[in-house]
Amino acid sequence: MYATHFFESRVLNTLRGTSAPGFGNLFVGLFLSNPTNTGAAGTELSYSGYARQPITFSEPSATTLPSIQVQGGLSIHNTETITWESAPSAAGTVRFIGIFDSAVGGNMLLYGELAVPLAIGSDQQPSILGQDIIYFAIGDSSLLFKTQILNLLRGETMPGSTPHLALFSGDPENAGVELSGPSYARATATFGAPAVQVGGQSQIANTNFIQFPIPLAAWGNWAWDGVMSAATGGVLLFKFQNPNPEIVHRNYVPQVHIGEYRLEVN
């Protein structure tokens with residue numbers, strides 16, 4: 001499944017200081033055609049007795065499907081079989097589903113194509129088995145951030161943050177240590193509004209020139225970057241490997257130009 005622009009923006013805006021309230025009640029709708037990541041296209045199934053059905057997601061867990069070979073991925077799935085009322089007459093072939101925050105109207109959060117289309121004939125009752133609806137969180141975000149994204153769909157609020165860039169000696173989630181030394185401090189990172197990219201994903205980019213203090217002595221080997229939720233303490237939100245690791249020595253000032261940091265949700 002994929003996130004709609006609405007859901008992507010809700011997540012990315014937490015990196016701009018806006019908390020995202022959790023979605024306490026979610027509903028599945030059946031679609032004859034692709035609703036797309038706008039959440040506004042496609043044709044929802046319609047017959048006497050049809051209504052979107054409630055859906056409950058499992059706790060986030062490690063991604064184990066062979067087709068998803070990304071280290072650090074998490075996923076959630078529907079916990080129960082979902083059944084709709086029987087159609088009084090042939091209603092078409094369902095090819096897509098959408099996850100909404102309301103039984104009627106509302107906002108579409110996720111959408112996806114069925115692996116096997118459902119042809120709804122007269123007196124046939126559409127159903128989707130438990131664990132057949134899966135949403136993955138993969139990419140450069142931390143395991144904590146992925147967990148927060150998925151738990152939004154389980155009613156948990158995602159806190160807003162004040163992002164700061166930190167420098168690490170290695171993978172921040174695998175024994176990497178934040179650099180330190182005289183005058184070391186994290187650098188503030190500000191992000192612009194989410195923008196939809198050509199590939200359909202939403203992205204935010206840093207709008208400020210990020211510059212660290214002047215090192216008064218060597219800070220260590222700069223091998224990874226971490227986007228942290230606060231100037232001190234806080235939690236890791238995103239991480240990136242430095243393609244050209246280097247020693248941050250005295251008087252060398254690490255810098256990041258406007259637009260170099262691009263964070264995405266899809």
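At 1% relative accessibility, Ser142 falls in the buried class of this predicted model. Ser142 sits in the loop that runs between strand 10 (134-137) and helix 2 (143-152). From there, the Ser142 side chain makes a polar contact with the backbone oxygen of Leu236, at 2.6 Å. Once residues up to four places away in sequence are set aside, Ser142 touches Glu173, Leu236, Leu237 and Phe238. Leu236 thus appears both as a polar partner of the Ser142 side chain and in the list of residues that Ser142 touches.

A second loop residue invites a similar look. Arg186 is found in the loop between strand 11 (164-168) and strand 12 (187-188). Is Arg186 buried or exposed? With a relative accessible area of 15%, Arg186 is buried, because the cut-off for that class is under 20%. Which backbone oxygen atoms does the side chain of Arg186 reach? One belongs to Ala230, at 2.9 Å, and another to Gly233, at 2.8 Å. Beyond its neighbours within four places in sequence, Arg186 is in contact with His164, Leu165, Ala166, Glu178, Phe212, Met228, Ala230, Ala231, Thr232 and Gly233. Ala230 and Gly233, whose backbone oxygens the side chain reaches, are among these contacts.

Attention now turns to the nonpolar interior. The largest nonpolar core comprises 65 residues, and Phe7, Phe57, Leu110 and Leu153 are those with the most contacts inside it. Phe7 offers a handy place to start exploring: neighbours within four places in sequence aside, Phe7 is in contact with Phe23, Leu109, Leu110, Tyr135, Ile149, Leu152 and Leu153. Apart from the largest core lies another, of 5 residues, including Phe96, Phe100, Met108 and Tyr111. Leu110 and Leu153, two of the residues with the most contacts inside the largest core, are thus also contacts of Phe7.

Taking the chain as a whole, the secondary structure consists of 2 helices and 19 strands. Along the principal axes, the C-alpha atoms fill a box of roughly 75 × 30 × 30 Å. Of the 266 residues in the protein chain, 45% are buried. How far apart in sequence are the residues that meet? Among contacts between residues at least 6 apart in sequence, 73% join residues at least 24 apart.

The surface and the charges complete the description. About 12,400 Å² of the protein chain is exposed, and carbon and sulfur atoms supply 50% of that area. The chain carries 10 positive and 18 negative charges, and the mean positions of these two sets are 8 Å apart.

Technical notes. Residues are numbered from 1 along each chain as its sequence is written. This is a predicted model: local features need pLDDT of at least 70, side-chain atom pairs count only at pLDDT 80 or more; totals for chains, interfaces and linings use all residues. Side-chain values use heavy atoms; hydrogens and water are left out. Helices (H or I, at least four residues) and strands (E, at least two) are DSSP runs, numbered from the N terminus. Buried means under 20% relative accessible area, exposed over 50%, partly exposed in between (1.4 Å probe, protein chains only). A polar contact is a pair of N or O atoms within 3.5 Å; within protein, one must be able to donate a hydrogen and the other to accept it, and residues adjacent in sequence count only if both atoms are side-chain atoms. Contact means heavy atoms within 4.5 Å. A nonpolar core is a set of buried Ala, Val, Leu, Ile, Met, Phe, Trp, Tyr and Cys residues joined through side-chain atoms within 4.5 Å. Accessible areas come from the Shrake-Rupley method with a 1.4 Å probe; for residues, only the protein chains shown count as cover. Lys and Arg count as positive and Asp and Glu as negative; His and the chain ends are not counted. The place of a charge is taken as NZ of Lys, CZ of Arg, CG of Asp or CD of Glu.
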